[in-house]
Amino acid sequence: MIEEMGFEADYFVSHFWSANASFHWNSELTFRFGLMLERVQPKVIVFDGTWLFQGFLAACKVHGTSALV
């Protein structure tokens, strides 16, 4: 539905449902989210959650995201 509204979207399984250890899960998140940031080059990223994942923050830092909400 998100893509139908014209936005980029990707589903990444929660760490709690993954068989990977936290380090490996965050490493994969950094890589996959980084690929999306390279492709989309957003001006703002909105995180709707209560816990900012290290992989998420690492990808934002590497790609120089201008605004994180």
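Student: Where is Q41 found in this model?

Tutor: Q41 sits in the loop between α1 and β1 (44-45). Keep in mind as we go that this is a predicted model.

Student: What is the phi of Q41, and how should I read it?

Tutor: Start with the general idea: most residues other than glycine have a negative phi. Now the case here: Q41 has a positive phi of about 50° although it is not a glycine.

Student: Is Q41 buried or exposed?

Tutor: Exposed: the relative accessible area of Q41 is 62%, and the cut-off for that class is over 50%.

Student: Let's turn to helix α1. What about V40?

Tutor: V40 is placed in helix α1 and, at 35% relative accessibility, counts as partly exposed. To relate V40 to another part of the chain, set sequence separation beside distance in space: V40 and F7 are 33 residues apart in sequence and 9.5 Å apart, C-alpha to C-alpha.

Student: Where is H24, and how accessible is H24?

Tutor: H24 is also a residue of helix α1. With a relative accessible area of 49%, H24 is partly exposed, because the exposed class needs a value over 50%. Along the chain H24 and G55 are 31 residues apart, while their C-alpha atoms are separated by 9.5 Å.

Student: How do I read the packing of α1 and α2?

Tutor: Look at the approach of the axes and at the angle between them. For α1 (residues 22-40) and α2 (residues 54-62), the axes come within 8 Å and cross at roughly 40°. The two helices are therefore oblique to each other, since angles under 35 degrees would count as roughly parallel. The crossing of α1 past α2 is right-handed.

Student: Which residues make that contact?

Tutor: From α1 come N26, L29, T30, F33, G34 and L37, and from α2 come Q54, G55, F56, A58, A59 and C60.

Student: How do the residues of that contact divide into nonpolar, polar and charged?

Tutor: There are 7 nonpolar and 5 polar residues in the contact of α1 with α2, and no charged ones.

Student: Now the rings. How many aromatic pairs are there?

Tutor: The count comes to 5 aromatic pairs. To read one, take the centre-to-centre distance together with the angle between the planes. F12 and W25 have 5.3 Å between centres and 50° between planes, a tilted pair.

Student: Which parts does the pair of F12 and W25 tie together?

Tutor: F12 lies in the segment before α1 and W25 in helix α1 itself, so the pair links parts that are 13 residues apart in sequence. Both partners are buried: F12 has a relative accessible area of 18%, and W25 has one of 4%.

Student: What kind of pair do F47 and F53 form?

Tutor: Their ring centres are 6.1 Å apart and their planes stand at 80°, so F47 and F53 are edge-to-face; planes over 60 degrees apart earn that name. F47 is partly exposed at 21% relative accessibility, and F53 is partly exposed at 26%.

Student: Which residues form the aromatic cluster?

Tutor: F12, W25, F33, F47, F53 and F56 form one aromatic cluster. You have already met F33 and F56 in the contact between α1 and α2.

Student: One last residue. Where does D10 lie, and which residues does D10 touch?

Tutor: D10 lies in the segment before α1. Leaving aside residues up to four places away in sequence, D10 touches R32 and M36. As for W51, which is 41 residues from D10 along the chain, the C-alpha atoms of the two are separated by 18 Å.

Note on methods. Residues numbered from 1 in each chain as written. Predicted model: local features only at pLDDT ≥ 70, side-chain atom pairs only at ≥ 80, totals over all residues. Heavy atoms only, no water. Axes fitted to C-alpha atoms, helices over the stretch in contact; angles between N-to-C directions. Helix = DSSP H or I, 4+ residues; strand = E, 2+ residues; numbered from the N terminus. Parallel < 35°, antiparallel > 145°, perpendicular 65-115°, else oblique. Left-handed = near helix turned anticlockwise from the far one by under 90°. Contact = heavy atoms within 4.5 Å. Nonpolar A, V, L, I, M, F, W, Y, C, P; charged D, E, K, R; others polar. Phe/Tyr/Trp six-rings, centres within 6.5 Å; stacked < 30°, edge-to-face > 60°. Buried < 20%, exposed > 50% of the residue type's maximum accessible area, 1.4 Å probe, protein only.
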